[in-house]
Amino acid sequence: MANFTEISSKYENDSIVQKSASEILFDLLDIQTSDDVLDIGCGTGHLTKIIRDKTNGKVVGIDPSKGMIEKAKEKYANHGIVFRNCSAEELDYQNEFNKIFCNSSFQWFKDHRKALKACHNALKQNGKIAIQAPAKEIYCPNFIEAINAVRINESTRTVFEFFTPPWLFLNTSDEYSALFQETGFKVERSWIDEAVTYHSSEEAYKIFESGAAAGYLNQDYYSVSISQEYIEEFRKVVRNSFDEQAGETGKVKLVFYRIYLLAIKE
Ligand SMILES: C[S@@+](CC[C@H](N)C(=O)[O-])C[C@H]1O[C@@H](n2cnc3c(N)ncnc32)[C@H](O)[C@@H]1O
């Protein structure tokens, strides 16, 4: 199986696309040295540590995956960061933070309105939230191509029919803005970016395993039980697809659509 607890030991090394996208998010949120900052869906905490280095204020990281939070605590809790094992929907803060940072986690929320209301409560007046997340139904055409191979492959197609995607992917920045406006935020900036990078087939596979696999290979999102054999076949089909996509050049041209959004609690 693959869920965030299972992949937590490799996450910090393999999450290269999440990390490069976070650089734009850091510029957008513009953390000041006295800001109290909440990192939502902090994973193994390596980006929370970057937040820590930017401010002398309070820094809190939250994540519902026990494995991710344990890794974060092991490595970074003694740097003056509080880590909590809870989801965005469960947040209970009132007027406590100047900034909320949310990188590559928003698509995983189960109830976006509830989570955004909790974020609104957690922020002080004039506090800001910035999110970055994969966007559009075709969020990564390379992954979609690999999944289409899974959908038709003899060894995976019967079980894959029982998969229901857990993610929220909206097609326009206006749709993302509307979600934030509904929960009381004023959206200051919002755009969908197309990022193109080149990777070996093996690297593309690691990128897939660092996020998407936690959905596609997670028992929670299948209505039939999935076997180890299915998981292995699935991984084989995805690897083959990336090999094919790399072709003679040996490089996969990896395309990711990402929403970047900055909103304020007025
Ligand atoms: C791809 S990782 C991103 C981790 C880190 N922010 C980064 O950019 O490297 C996605 C994280 O979202 C977390 N997540 C899933 N559902 C969530 C929810 N409802 N609220 C907050 N975080 C959630 C997962 O447990 C996982 O650690």
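**A tour of the cores and two asparagines**

In this predicted model, begin by selecting Phe143, Phe160, Phe208, Tyr216 and Phe234, which are the residues with the most contacts inside the largest nonpolar core, a set of 39 residues. To see where this core comes from, colour the elements that give two or more residues to it, namely α1 (4-14), α6 (141-152), α9 (201-209), α10 (213-216), α11 (228-246) and β7 (252-264). Among these elements, α11 gives the most to the core, with seven residues. As background for this stop, nonpolar side chains in soluble globular proteins tend to be buried together.

Next, keep Phe234 selected and look at what surrounds this residue. Once its neighbours within four places in sequence are set aside, Phe234 is in contact with Ile147, Val150, Thr156, Phe160, Phe208, Tyr216, Leu217 and Tyr222. Apart from this core lies another one, of 32 residues, which you can find by selecting some of its members, including Phe97, Cys102, Ala122 and Tyr176.

Now turn to the backbone and select Asn95, which lies in the loop between β3 (82-84) and β4 (97-103). The phi angle of Asn95 is near 50°, a positive value in a residue other than glycine. With a relative accessible area of 48%, Asn95 is partly exposed.

For the last stop, select Asn126, which lies in strand β5 (residues 123-134), and whose phi is near 70°, again a positive value in a residue other than glycine. Is Asn126 buried or exposed? Asn126 counts as exposed, because its relative accessibility is 51% and the cut-off for exposed is over 50%.

How values were computed:
Residues numbered from 1 in each chain as written. Predicted model: local features only at pLDDT ≥ 70, side-chain atom pairs only at ≥ 80, totals over all residues. Heavy atoms only, no water. Core = buried A, V, L, I, M, F, W, Y, C linked by side-chain atoms within 4.5 Å. Buried < 20%, exposed > 50% of the residue type's maximum accessible area, 1.4 Å probe, protein only. Helix = DSSP H or I, 4+ residues; strand = E, 2+ residues; numbered from the N terminus. Contact = heavy atoms within 4.5 Å.
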